[in-house]
Amino acid sequence: MKTIVLGAGIIGISTAWHLLERGHEVIVVDRQPDAALETSFANAAQISVSYCEPWANREAPLKALKWMFDQEAPLLFRPQMDWQQWRWGLQFLAQCNDAAFERNVAQIVALGAYSHAALKDLVHATGIEYNRLERGIAHFYTDQKSFDAAAHAVEVMRRHGVQRRLVSRDELLQIEPAFKAYGDKITGGTYTSTDESGDARVFTQELARRCAARGVQFLYEHDVLRLNKVGDAIDSVAIAARQPSARGQREQILKADAIVVACGTYSAPLLRSVGVDLPIYPGKGYSATFPLLRPEGAPMVSTIDDGKKIAMSRLGNYLRVAGTIELNGWDLTLDSSLARARCHMLSRRIESILPGVCDTRTPEEGGNPQYWTGLRPATPTNIPFIGRTPVGKLWVNAGHGTLGWTHGAGSGKALAELISGEQPAMNFGFLGHGSPARRAPGTALAA
């Protein structure tokens with residue numbers, strides 16, 4: 001089969017690789033000059049199978065309301081004149097109960113475990129190096145109430161086969177001694193030894209190069225103009241080079257047996273143009289990458305700070321710090337007062353936890369923190385859409401939220417299996433397929 005993959009992030013490139021493995025002829029289209037230059041560019045770097053609870057839980061509505069006027073809030077809802085945002089919000093609220101939480105976490109963990117195994121196989125097959133650290137993931141708490149509540153999260157994960165465990169402050173500091181200077185503020189934590197971390201951008205770009213070496217055609221710096229629908233199926237994809245050739249030829253028509261939409265947040269409006277309506281909405285996330293001043297004092301275990309809901313991961317001689325979700329439409333600015341406040345929060349928090357370890361100075365102070373923002377494609381359930389749409393030849397692999405890196409390898413493999421007529425070996429609600437899993441309310445596909 002000939003397959004077109006729209007999007008060259010971790011999801012699209014993983015899909016392309018696994019299609020190639022199954023004998024497909026593959027074309028990848030992306031508007032950027034290389035792979036992984038948007039949402040996959042500078043995420044938290046965690047492969048976090050054990051820390052993938054859905055955002056929607058019974059406490060979320062009250063927290064979101066409380067945080068609405070806090071510029072540094074972990075989850076910030078900024079109302080827009082956008083009915084898609086309000087629809088998404090109502091569907092999110094419908095998931096904020098214990099039954100939905102349990103149902104959603106089961107599918108997220110199933111995909112995470114499947115994806116982690118797929119990533120390990122991929123790394124073994126390709127030898128890609130990407131600052132990988134197989135040291136597990138720790139999560140520390142700075143107040144007793146949150147630490148007490150962590151016992152429930154541990155129990156939930158263990159019910160789904162994840163070996164996350166509760167640890168005392170002393171044990172957490174033995175697991176990661178770098179936090180000793182902050183130890184008197186830590187009440188305890190959790191730890192999962194099987195999780196890991198690494199640079200998603202480096203991995204994705206290296207995998208794309210291997211795809212290209214094996215015959216995948218990459219059309220970088222091309223915009224997707226439209227999906228051309230004839231009857232009940234997609235006939236072709238119209239694309240255009242961002243820098244037209246001297247001959248002035250701009251629009252190009254691509255035809256294939258299957259078209260995969262893996263454009264992250266931008267998948268939703270593209271799919272709506274042909275009548276496929278998915279509740280995917282942008283969640284703006286931030287990260288900062290700091291040079292290390294004292295590498296010997298930096299953590300080697302990827303860690304989540306519960307107080308600010310931020311993650312930190314060691315990437316060679318840098319520390320990546322990422323977090324916060326801002327439901328603020330399609331805004332990607334880094335120079336607004338709100339964006340600056342959220343970026344500087346990352347700097348201040350790391351300096352308080354790891355004093356003197358990183359160069360956290362702002363540009364105004366002479367530092368060079370690499371601030372970044374990206375739009376995470378969020379669904380109300382945190383369960384991505386993977387599978388066949390009601391429109392012929394049209395497939396989707398999108399809606400991974402903050403877990404694109406965790407779920408990337410498995411999502412790509414699963415969709416390639418589906419397109420090839422196989423059934424992935426996991427209990428997950430694939431779109432358009434008779435999966436043994438039942439799709440949770442709020443994830444049904446509307447066309």
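A residue counts as buried when its relative accessible area is under 20%. By this criterion, 58% of the 447 residues of the chain are buried. The model is a predicted one.

The overall dimensions come next. The C-alpha atoms fill a box of roughly 65 × 50 × 45 Å along the principal axes. The radius of gyration of the chain is 21 Å. A compact globule of 447 residues would have a value near 22 Å, so the chain agrees with that expectation. The exposed surface amounts to about 17,700 Å². Carbon and sulfur atoms supply 51% of this area.

The chain contains ten helices and 20 strands. Many contacts link distant parts of the sequence. Among contacts between residues at least 6 apart, 74% join residues at least 24 apart.

In soluble globular proteins, nonpolar side chains tend to be buried together. The largest nonpolar core in this model has 54 residues. Ile13, Val28, Leu119, Phe203 and Trp405 have the most contacts inside this core. Several helices and strands each supply at least two of its residues. The helices are H1 (10-21), H4 (98-126), H5 (144-159), H7 (200-213) and H10 (404-419). The strands are S2 (25-29) and S13 (258-261). Helix H4 gives the most, with ten residues.

Phe203 illustrates how this core is put together. Neighbours within four places in sequence are set aside here. Phe203 is then in contact with Ile10, Leu119, Leu122, Val123, Ile128, Tyr130 and Trp405. Two of these partners, Leu119 and Trp405, are themselves listed with Phe203 among the residues with the most contacts inside the core. A second core is separate and has 30 residues. Leu173, Tyr182, Tyr286 and Leu346 are included in this second core.

The strands also form an open sheet. Six strands take part, in the order S9-S2-S1-S13-S20-S19. Their pairing is mixed. Strands S9 (217-219) and S19 (385-388) lie at the edges, and each pairs on one side only. From one strand to the next, the twist averages 20 degrees.

At one edge, S19 is joined to strand S20 (residues 394-398) by four bridges. These two strands run antiparallel. Within S20, Val396 stands opposite Gly387.

The sheet and the largest core share elements. S2 and S13 belong to the strand order of the sheet, and each also supplies at least two residues to the 54-residue core.

Note on methods
Residues numbered from 1 in each chain as written. Predicted model: local features only at pLDDT ≥ 70, side-chain atom pairs only at ≥ 80, totals over all residues. Heavy atoms only, no water. Core = buried A, V, L, I, M, F, W, Y, C linked by side-chain atoms within 4.5 Å. Buried < 20%, exposed > 50% of the residue type's maximum accessible area, 1.4 Å probe, protein only. Contact = heavy atoms within 4.5 Å. Pairing = 2+ DSSP bridges. Axes fitted to C-alpha atoms, helices over the stretch in contact; angles between N-to-C directions. Rg over C-alpha atoms; globule rule 2.2 N^0.38 Å. Areas by Shrake-Rupley, 256 points an atom, 1.4 Å probe, with all protein chains shown as cover.
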